[in-house]
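Subject: The structure I promised you

Hi,

Here is the structure we talked about, ready for you to open and turn around on screen. Have a look first, then read my notes below.

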Amino acid sequence: MSSFAELVAECRRQPPLVALVLGSGFGILAERLQGALAVSYLSLAELGAPSVPGHDGVLLLAEWGGQRSLVFSGRLHYFEGHPWRRVEQPVLLARDLGAKILLLTNAAGGIRDDLTPGSLMALRDHLDWTQPFAGRHSGPGQCPRPYSARLLGKLRDAAKTLGIALTDGVYAQVTGPSYETKAEIRALRSIGADAVGMSTAHEISRAQELGMECAALSCITNRAAGLGEGPINHEEVLASAATQGDRLAQLLEAFLQHLPRP
Ligand code: HPA
């Protein structure tokens, strides 16, 4: 492991363009990054260790797809008991370390009929069902437009190059920690949600407020409550995510390659 001071010095010398957050079960992607500087979240006072299985808690600085990238392997969730302030820390840190682009990944339950386990969905918009508790980031009169059309286009280009099926849709963030009731999923479907998960929208809102250009990808690990067979459990979500790790890594790498060099 490296020290945070080393990582900061490297970022000052040559700032990263992109910061990526790897969601549930995708920590294995980080193993592809050769020669990365790696810092444990434990050595960062603002972060602390994620407590959810499937989240590593390591910050990496690496060359990925020809881009200098900051990779947060592991996410801090509100449902773990972290205040929103801490959930947002990776975004604030990424911005402070120079990243202009933020790409978040998550595992999600599919609500729309075509979103079955193994589907990949780029976020076109989101519903933040945590808002009553978290408050909005955008100021009065601002129009949140969380996801960059340019980056969505780059994700589509990358998927096309690789022959990977990529759809887009609307993601709903709920607080968790439990999965949803069937009635909640029916309600989410009726208000336009295509997929559901416990992260992302809040982090993206903060990043947008900070002026970062944002994109996010959902890996559908299960059908949402009441739409599949039997109850959902975290182990199955992680197992499903693990089977998608390689494809997601290829897509992220190709996406980074499609970005212009700074
Ligand atoms: N609901 C909420 N979060 C999730 C799900 C789900 O069905 N799958 C993966 N994360």
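A backbone N or O atom of Ala107 sits 3.3 Å from a nitrogen atom of the ligand. Gly109 does something similar: one of its backbone N or O atoms is 3.3 Å from a ligand nitrogen. With Asn222 it's the side chain that takes part, as an N or O atom there lies 2.7 Å from a nitrogen atom of the ligand. The protein covers 95% of the 260 Å² of accessible area that the ligand has on its own. If you want to click through the residues that surround the ligand, they include Ala108, Tyr179, Glu180, Val196, Met198, Thr221, Ile232 and Val237. Do keep in mind that this is a predicted model.

Next, the salt bridges. How many does the structure hold? I have 13 of them. As background, side chains of opposite charge can pair when their charged atoms come close.

Try Arg206 and Glu88, whose side chains meet in a salt bridge at 2.9 Å, N to O. Arg206 belongs to helix H7 (residues 201-209), while Glu88 is in the loop between helix H2 (84-87) and helix H3 (89-96), so this pair ties together parts that are 118 residues apart in sequence. Are these two buried or exposed? Both Arg206 and Glu88 are buried.

Then look at Glu213 and Arg150, which form a salt bridge at 3.0 Å, N to O. Glu213 is in strand E9 (residues 213-223) and Arg150 in helix H5 (residues 149-162), so here the parts being tied together are 63 residues apart in sequence. Glu213 counts as partly exposed, at 22% relative accessibility, and Arg150 is partly exposed too, with a relative accessible area of 38%.

Two more for your list: Asp114 and Arg112 meet in a salt bridge at 2.7 Å, N to O, and Asp114 is partly exposed at 42% relative accessible area. There's also a network of salt bridges that links Glu10, Arg13, Glu63 and Arg68.

Arg68 leads us to strand E4. Why can we call E4 (residues 67-73) largely enclosed by the rest of the structure? Because 7 of its 7 residues are buried. In a regular strand the side chains alternate between the two faces of the sheet. You can check that here: Gln67, Ser69, Val71 and Ser73 point one way from E4, Arg68, Leu70 and Phe72 point the other way, and all of them are buried.

E4 has strand partners as well. Strand E1 (residues 18-22) pairs with E4 in the parallel sense over 5 bridges, and Leu22 stands opposite Ser73. Strand E3 (residues 58-64) pairs with E4 in the antiparallel sense over 7 bridges, with Val58 as the bridge partner of Ser73. The hairpin of E3 and E4 has 2 residues between the strands, and Gly65 there takes a positive phi near 55°.

One last stop: Ala94, in helix H3. Ala94 is buried, with a relative accessible area of 0%. Leaving aside neighbours within four places in sequence, Ala94 is in contact with Ala19, Leu70, Phe72, Ala99 and Met212. Leu70 and Phe72 are on E4, where they point the same way as Arg68. As for Ala45, its C-alpha atom is separated from that of Ala94 by 15 Å, and the two are 49 residues apart along the chain.

Shout if anything looks odd on your screen!

Cheers

Key
Residues are numbered from 1 along each chain as its sequence is written. This is a predicted model: local features need pLDDT of at least 70, side-chain atom pairs count only at pLDDT 80 or more; totals for chains, interfaces and linings use all residues. Side-chain values use heavy atoms; hydrogens and water are left out. A salt bridge is a side-chain nitrogen of Lys or Arg within 4 Å of a carboxyl oxygen of Asp or Glu. Helices (H or I, at least four residues) and strands (E, at least two) are DSSP runs, numbered from the N terminus. Buried means under 20% relative accessible area, exposed over 50%, partly exposed in between (1.4 Å probe, protein chains only). Two strands pair if DSSP finds at least two bridges between them. A residue is near a molecule or strand if one of its heavy atoms lies within 4 Å of it. A polar contact is a pair of N or O atoms within 3.5 Å; within protein, one must be able to donate a hydrogen and the other to accept it, and residues adjacent in sequence count only if both atoms are side-chain atoms. Accessible areas come from the Shrake-Rupley method with a 1.4 Å probe; for residues, only the protein chains shown count as cover. Contact means heavy atoms within 4.5 Å.
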